[in-house]
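Trainee: I am new to this structure and would be grateful for a close look at a single part of it. Please take one residue as the starting point and then place that residue in its wider setting.

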Amino acid sequence: MSSDIRVVRSTCDRQENRSLASEPQAEPVVFVVFGASGDLATRKLMPALYDLFICGRLPETFCVLGAARTQLSDEHFRRAAEQGLQADSDRDLSRLDEFCDRLYYQAIKYDSRSSYDTLAGKLASLEKTKGIGGNRVYYLAVPPTLYTSIVENLGKSGLAEQGDKGIGWRRIIIEKPFGSDLNSALYLDRAVHEHFDEDQIFRIDHYLAKDTVQNVLVFRLANAIFEPIWNRHFIEHVSITASETLGVEQRAGYYEQAGVIRDMFQNHMLQLLALTAMEPPTLFEAERVRDEKVKVLRSLRPLPKDKLHDHLVLGQYGPGNLEGKTLAGYRQEPGVAPDSLTATYARMQLFIDNWRWRGVPFYLTSGKRMTRKKTEIVVQFKEVPHSVFNNFLGEHSTANRLVIGIQPDQSISLTFQTKSPGVGFQLQPVSMYFDYKSDFAQTPKLDAYAKVLLDCLLGDQLLFWRQDGVEQSWSFLTPILEGCETCPDRADRLQIYPSASAGPDVLL
Ligand code: NDP
């Protein structure tokens, strides 16, 4: 049973209708996309830039310079972008030509210095002819193995220089993963910092720009009633789940090396944990918010090496059935070793050693090929300290539960006890339910990628990882990964679960 929450719509309307003039405006810029021929560039970046363009969030004087090994003319690049944009039949394509006129392409070799000299020439010429002052974003939409090479070449070619030389700002966006363990993350960081300062570096986790993710802090900190009970005195445990129905798809090459902990825990899961557990910052501002998130990551209790599997369940999807269709197991997927021990599912119990959370278990669960696609945060409250209804019920009453749906359900529900109607005396849990999509009728115009790109153009790093956060997350996870990957009974520890199921049978 559920009861709706009525949204006072005028508030939403006021914000939606707020004039763009009151919003900060991005400055003229060249957006350089390394790996412009790839999947991310075509499927996510071009649509995000186009969506920003048509809703007036990009300056008239901007252009995109695609760079990759594939030999393409500007015209070919434009047609490829066009096709990517046309793939979404709901998209307003009325300004497609105008947008595509701003796209250019330069074939490069990522590791060749002379390519960067050519690139510098093309950039200078574009900036001159288009009247763009020299602001540049470099987006690394390439496999992570290429990051250091590109960064070094940008630096050595003088393309990272900015600031007091009056040549415009230079920012670099680095895609996840930021390393594959603590050492590789530190190595990458040293390479990037050799040429870019921290305020030029934008480590992207587009997940953080989802409205429902941002709403975690709003819910907690813009309402007076939740924060006082957001602690070990009232909360029994917290579960954060990100399950998907998809398997590894075309990403076996990457996934075989990564597995679920590197793919999901190092970034999205720990970010959701940090948002749920952090202390209120004094202001909603990049450094203060990121300071508080880092404190949470620093307070994570290391999992005990000798009892790792008391706190961690690993699984891998086997064959299964969905609506009469046979689904291949992970080891049968193209590009996956037939004896692969890569985990596609993990459930971790962890504790935050600070005053607020001492003793409250946090369960982080993520898996592929599960029954449902769902990302949610469940806050399970404690039972009432003394049930006055025990003489009627003879049992404990169900404790309150708050569920924050991140995707695809974008919702918040709070369950509580009510008396069932009628002469008898029975309690029944019901829930108050808020649904983003139906209660805020206008679907959000900008997706998460568009929002983070805009933030980068505006120089706002709030939604981006700071280096100390990356280091803390790897400091926590690297010993766990080493423990799992060198464990003598690694194969026995990996539970094979059927595709399209709820995951392994044996849980924590
Ligand atoms: P792709 O595999 O599509 O690679 C992007 C481009 O990089 C390719 O078009 C290719 O361009 C070049 N490239 C690929 N492999 C090599 C290689 N071995 N050596 C040299 N160049 C190569 O990657 P994606 O676009 O999927 O992802 C880019 C980055 O974004 C990755 O770091 C990924 O982890 C991250 N990411 C991707 C997401 C997605 O949805 N795709 C989501 C989140 C993160 P060319 O040959 O023309 O140079």
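**A close look at Arg466**

Mentor: Arg466 is found in the loop that runs between helix H13 (448-458) and helix H14 (467-485). The model is a predicted one, and what follows should be read in that light. Arg466 has a relative accessibility of 12%, and it counts as buried because that value is under 20%. The side chain of Arg466 is engaged in a polar contact with the side chain of Glu287, at 2.5 Å. Glu287 also belongs to a wider set of contacts: with neighbours within four places in sequence left aside, Arg466 touches Glu198, Arg203, Glu287, Arg290, Asp291 and Val294.

As to the wider setting, the domain assignment of the protein gives domain 1 (29-175) and domain 2 (208-445 + 471-498). The centres of domain 1 and domain 2, taken over C-alpha atoms, are separated by 36 Å.

A second arginine may be described in the same manner. Arg170 is part of strand S6, which covers residues 170-174. With a relative accessibility of 4%, Arg170 counts as buried, because the cut-off is 20%. The side chain of Arg170 reaches the backbone oxygen of Gly134 at 3.0 Å, and a polar atom of that side chain lies 2.8 Å from the backbone oxygen of Ile167. Gly134 appears again among the contacts of Arg170 when neighbours within four places in sequence are left aside; that list also includes Arg136, Tyr138, Glu161 and Gln200. Along the chain, Arg170 and Val30 are 140 residues apart, while their C-alpha atoms are separated by 9.8 Å.

The ligand completes the picture. It is surrounded by 20 residues, of which the closest are Ser37, Asp39, Leu40, Arg69 and Thr70. The residues of this shell divide into 11 nonpolar, 4 polar and 5 charged. Helix H2 (residues 39-54) gives the most to the shell, with 3 residues. Oxygen atoms of the ligand also lie at short listed distances from the protein: one is 3.1 Å from a polar backbone atom of Gly38, and one is 2.9 Å from a polar backbone atom of Val142. From Tyr147, a polar side-chain atom lies 2.9 Å from an oxygen atom of the ligand. Taken alone, the ligand exposes 860 Å², and the protein buries 71% of that area.

Notes: Residues numbered from 1 in each chain as written. Predicted model: local features only at pLDDT ≥ 70, side-chain atom pairs only at ≥ 80, totals over all residues. Heavy atoms only, no water. Domains from an automatic or database assignment. Near = heavy atom within 4 Å. Polar contact = N/O pair within 3.5 Å; in protein donor to acceptor, adjacent residues only side chain to side chain. Areas by Shrake-Rupley, 256 points an atom, 1.4 Å probe, with all protein chains shown as cover. Helix = DSSP H or I, 4+ residues; strand = E, 2+ residues; numbered from the N terminus. Nonpolar A, V, L, I, M, F, W, Y, C, P; charged D, E, K, R; others polar. Buried < 20%, exposed > 50% of the residue type's maximum accessible area, 1.4 Å probe, protein only. Contact = heavy atoms within 4.5 Å.
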